[in-house]
Amino acid sequence: MEITWEDGNRITYSAEQLRWACPCAECRGEMGAPGRLSRVKTLSPEELSIKDVTLVGQYALQIAFESGHATGIYTFPYLRALRS
Ligand SMILES: [Zn+2]
């Protein structure tokens, strides 16, 4: 996935990088409970390939993976910070 930012910076993200960075509660954990990504060391190929990307309002992208996991909402500041 590639994003061209307003300042002209073009950043390419791998599906694997995005999957491991999934910000959803299930992956990250919530209220002190560890998330799924802190409990596993590997993910299956279906989990690491992007099926669909949807724009959420003006502020974020929802990324759906082939595994069906689609609860991650990646805000643009979050995406930008991933690679800055
Ligand atoms: Zn997630």
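**Close-up views of a predicted model**

**View 1. Arg19 places its charged end over the ring of Phe65.** The distance from the charged end of Arg19 to the centre of the Phe65 ring is 5.5 Å. Please keep in mind, here and in the views that follow, that this is a predicted model. Arg19 belongs to helix H1, which covers residues 15-20. Is Arg19 buried or exposed? With a relative accessible area of 0%, Arg19 is buried, because anything under 20% falls in that class. Around Arg19, leaving out residues up to four places away in sequence, the residues touched are Cys27, Arg36, Leu37, Leu43, Glu47, Leu48, Phe65, His69 and Tyr74. Several of these names come back below: Cys27 and His69 are among the donors of the zinc ion, while Tyr74 takes part in an aromatic pair.

**View 2. Four protein residues hold the zinc ion as donors.** Three of the donor atoms are the SG atoms of Cys22, Cys24 and Cys27, and His69 contributes its NE2. These donors lie 2.1 to 2.3 Å from the zinc ion. What is the geometry of the site of the zinc ion? The site is tetrahedral, with angles of 102 to 116° among its 4 donor atoms. If you follow the donor residues along the sequence, their spacing reads C-x1-C-x2-C-x41-H.

**View 3. The cysteine donors of the zinc ion, seen for their burial.** Cys22 has a relative accessible area of 1% and is buried. Cys27 is also buried, at 1% relative accessibility. For Cys24 the relative accessibility is 6%, and Cys24 therefore counts as buried, the limit being under 20%. You may wonder how many disulfides a search of the whole structure finds. The number is 0.

**View 4. Thr71 and Cys24 have C-alpha atoms separated by 6.0 Å.** Along the chain, Thr71 and Cys24 are 47 residues apart. Thr71 sits in the loop that runs between strand S4 (60-65) and strand S5 (73-75). Thr71 is partly exposed, with a relative accessible area of 49%, whereas Cys24, at 6%, is buried.

**View 5. Trp5 and Phe76 make an edge-to-face aromatic pair.** How many aromatic pairs does the count give? The count comes to 2. In the pair shown here, the rings of Trp5 and Phe76 are 6.1 Å apart, centre to centre, with 90° between their planes. This pair links distant parts of the chain, since Trp5 is in the loop between strand S1 (2-4) and strand S2 (10-12), and Phe76 is in helix H3 (residues 76-82), 71 residues apart. Trp5 counts as buried, at 12% relative accessibility.

**View 6. Tyr74 and Tyr78 form a tilted aromatic pair.** The ring centres of Tyr74 and Tyr78 are 6.3 Å apart, and their planes make an angle of 50°. The partners are placed in separate accessibility classes: Tyr74 counts as buried at 0% relative accessibility, and Tyr78 as partly exposed at 28%. Tyr74 is also one of the residues that Arg19 touches, which takes you back to the opening view.

**View 7. Asp52 in strand S3 and Ala64 in strand S4.** Which residues does Asp52 touch, not counting those up to four places away in sequence? The contacts are Gln62, Ile63 and Ala64. In turn, and again leaving aside neighbours within four places, Ala64 is in contact with Ile50, Lys51, Asp52, His69 and Ala70. Asp52 is partly exposed, with a relative accessible area of 43%, while Ala64 is buried at 16%. C-alpha to C-alpha, Asp52 and Phe65 are 6.8 Å apart in space and 13 residues apart in sequence. Ala64 and Lys51 are likewise 13 residues apart along the chain, and their C-alpha atoms are separated by 5.5 Å. Two familiar residues appear here: Phe65, whose ring has the charged end of Arg19 over it, and His69, a donor of the zinc ion.

**View 8. Met31 has a positive phi, near 50°.** Met31 is a residue other than glycine. Where is Met31 found? Met31 is placed in the loop between helix H2 (25-28) and strand S3 (50-56). At 86% relative accessibility, Met31 counts as exposed, because the class begins over 50%.

Definitions and conventions. Residues are numbered from 1 along each chain as its sequence is written. This is a predicted model: local features need pLDDT of at least 70, side-chain atom pairs count only at pLDDT 80 or more; totals for chains, interfaces and linings use all residues. Side-chain values use heavy atoms; hydrogens and water are left out. Donors are N, O and S atoms within 2.8 Å of the metal (3.2 Å for Na, K and Ca); water is not among the atoms, so sites may look incomplete. Four donors count as tetrahedral if all angles lie between 85 and 135 degrees; four count as square planar and six as octahedral if opposite donors are over 155 degrees apart and all others between 65 and 115; anything else is irregular. Buried means under 20% relative accessible area, exposed over 50%, partly exposed in between (1.4 Å probe, protein chains only). Rings of Phe, Tyr and Trp (its six-membered ring) pair if their centres lie within 6.5 Å; planes under 30 degrees apart count as stacked, over 60 as edge-to-face and the rest as tilted. Helices (H or I, at least four residues) and strands (E, at least two) are DSSP runs, numbered from the N terminus. A charge sits over a ring if NZ of Lys or CZ of Arg is within 6 Å of the ring centre and within 35 degrees of the ring normal. Contact means heavy atoms within 4.5 Å. A disulfide is a pair of cysteine sulfur atoms within 2.5 Å.
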